[in-house]
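Here is a short briefing on one structure. Have the coordinates open while reading.

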Amino acid sequence: MPEGHTTHALAWRLNRGYAGSPAAVSSPQGRFAGGAALLDGLMLVDASAWGKHLFVQFEGERWLNVHLGLIGTFSVMPRATRPGGEGIPVPVQGQVRLRLLNEAWVGDLRGPTVCAVVTPEQVGQVQARLGPDPLRPAADPALALRRISLSARPIAELLMDQAVLAGVGNVYRCEVLFRHRVDPFRPGREIRPATWIAIWDDLVALMPLGVAFGQIITMDDQVVDAIQVMAEVADGSAATTSAAVTGARPGDRFERRFYLYRRAGEPCRACGSRVRTQLVAGRNLFWCGRCQRRR
DNA sequence: GCAGAATGACAAG
DNA sequence: TTGTCCTTCTGCG
């Protein structure tokens, strides 16, 4: 689940459900009991994301920093959609590290690698280590290019380095490299600036679709459909679809389908040659040896 | 029932 | 490069 689109969608939902009023904060599992006590009853001021990091500001200069890691999930739902319903206690299922509760919403965090109460200074320190995030309005792709163009490391590795570029994970990197027919093993310094800008612009276009629909969408036919739905919602001609677009039921609108990701051995959708896979720095990389040949 | 994987990141050697 | 942490779900006996 968790690449940058997940974190940004979470920030959006947390703001919608909680911003401006106090939240009951607890740790049903107990492992965040101390931190929860520091936040319990405080007003939630604002939630925001930078790459895969989520920052939730509470009153009194207290911040919650969450990173989902590989397996974390943060379900933030209106209580009316949950068993029990509004006003009735929502049963805890499994290992819930953190629960955010108000009259109308319940948020359950499971399996994060980071869940901590931090100071504004610590928020700044975390953000200072992160590269530009294609989902943040003021993000500067030149900052990433500077590091890429100086590096001998393969571009597939650089795209996953959160200090170079924040928010991209294994799925987006694999798919975006294919979309631009870039050899994943090509050293950063051999990537032409124009190629990098094309990749960046593509991420700026693709990742908001991931935020809106709660799933990673990279295949052109689905991208076209998704943009169409977004446009209809924006001009009000499709009021009924807005719930889906805002992620009320994330992840089930589009068939889960990619160019390469998890398709090892199957035919490339463009040229038919076998999709290749290889463990790179402990993660499965997928690519097409013919379409993404070095030029 | 249990191993293995999974959209991540870090430390140790 | 390997091991470790976090949790849930799948597939295989």
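Right after helix 6 comes arginine 181, and its phi is positive, near 55 degrees. The model is predicted. The points below start from that helix, then move to aromatic pairs, two glutamines, other positive phi values and the DNA.

**Helix 6 and the residue after it**

- Helix 6 spans residues 170-179, and nine of its ten residues are buried, so the helix is largely enclosed by the rest of the structure.
- The buried residues are Asn170, Val171, Tyr172, Arg173, Cys174, Glu175, Val176, Leu177 and Phe178.
- Charged side chains appear in that list too, including Arg173 and Glu175.
- Which elements do the buried residues of helix 6 pack against? They pack against helix 1, helix 5 (155-160), helix 7 and strand 10 (283-288).
- Arginine 181 also lies over the face of a ring: that of phenylalanine 178, at 4.2 Å from the ring centre.
- Phenylalanine 178 is itself one of the buried residues of helix 6.

**Aromatic pairs**

- How many aromatic pairs does the structure hold? There are seven.
- Tyrosine 18 and tryptophan 105 form a tilted pair, with 6.5 Å centre to centre and 55 degrees between the planes.
- Tyrosine 18 belongs to helix 1 (residues 4-18) and tryptophan 105 to strand 7 (residues 105-110), so this pair ties together parts that are 87 residues apart in sequence.
- Tyrosine 18 and tryptophan 105 are both buried.
- Phenylalanine 213 and phenylalanine 254 make an edge-to-face pair, with 5.2 Å centre to centre and 85 degrees between the planes.
- Phenylalanine 213 sits in helix 7 (residues 193-213) and phenylalanine 254 in the loop between helix 9 and strand 9, so the pair joins parts 41 residues apart in sequence.
- Are phenylalanine 213 and phenylalanine 254 buried or exposed? Both are buried.
- One aromatic cluster is formed by Phe258, Tyr261 and Phe286.

**Glutamine 222**

- Glutamine 222 is part of helix 8 (residues 220-234).
- The relative accessible area of glutamine 222 is 4%, and the cut-off for buried is under 20%, so this residue counts as buried.
- What lies 2.9 Å from a polar atom of the side chain of glutamine 222? The backbone oxygen of glutamate 255 does.
- Neighbours within four places in sequence aside, glutamine 222 is in contact with Ile217, Phe254, Glu255 and Arg257.
- Phe254 thus appears twice: in contact with glutamine 222, and as a partner of phenylalanine 213 in an aromatic pair.

**Glutamine 57**

- Glutamine 57 is found in strand 3.
- The relative accessibility of glutamine 57 is 18%, and buried means under 20%, so glutamine 57 counts as buried.
- Outside its neighbours within four places in sequence, glutamine 57 is in contact with Met43, Leu44, Val45, Asp46, Arg62 and Trp63.

**Positive phi in loops**

- Glutamate 61 is not a glycine, yet its phi is positive, at about 60 degrees.
- Glutamate 61 is placed in the loop between strand 3 (53-58) and strand 4 (62-67).
- With a relative accessible area of 49%, glutamate 61 is partly exposed, because exposed means over 50%.
- Arginine 262, also not a glycine, has a positive phi of about 60 degrees.
- Where is arginine 262? It is in the loop between helix 9 (242-245) and strand 9 (275-280).
- Arginine 262 has a relative accessible area of 60% and is exposed.

**DNA strand C**

- The residues around DNA strand C are Gln29, Arg31, Ile71, Gly94, Gln95, Arg97, Arg110, Gly111 and Thr113.
- By class, this surface has one nonpolar, five polar and three charged residues.
- Of the strand C atoms within 4 Å of the protein, 64% belong to sugar or phosphate, and the rest belong to bases.
- An N or O atom in the side chain of arginine 31 is 2.7 Å from a phosphate oxygen of DNA strand C.
- Glutamine 95 uses its backbone: one of its backbone N or O atoms lies 3.1 Å from a phosphate oxygen of DNA strand C.
- For arginine 97, a polar side-chain atom lies 3.2 Å from a sugar or linking oxygen of DNA strand C.

Terms used. Residues numbered from 1 in each chain as written. Chains lettered and ligands numbered in written order. Predicted model: local features only at pLDDT ≥ 70, side-chain atom pairs only at ≥ 80, totals over all residues. Heavy atoms only, no water. Helix = DSSP H or I, 4+ residues; strand = E, 2+ residues; numbered from the N terminus. Buried < 20%, exposed > 50% of the residue type's maximum accessible area, 1.4 Å probe, protein only. Phe/Tyr/Trp six-rings, centres within 6.5 Å; stacked < 30°, edge-to-face > 60°. Lys NZ or Arg CZ within 6 Å of the ring centre and 35° of its normal. Polar contact = N/O pair within 3.5 Å; in protein donor to acceptor, adjacent residues only side chain to side chain. Contact = heavy atoms within 4.5 Å. Near = heavy atom within 4 Å.
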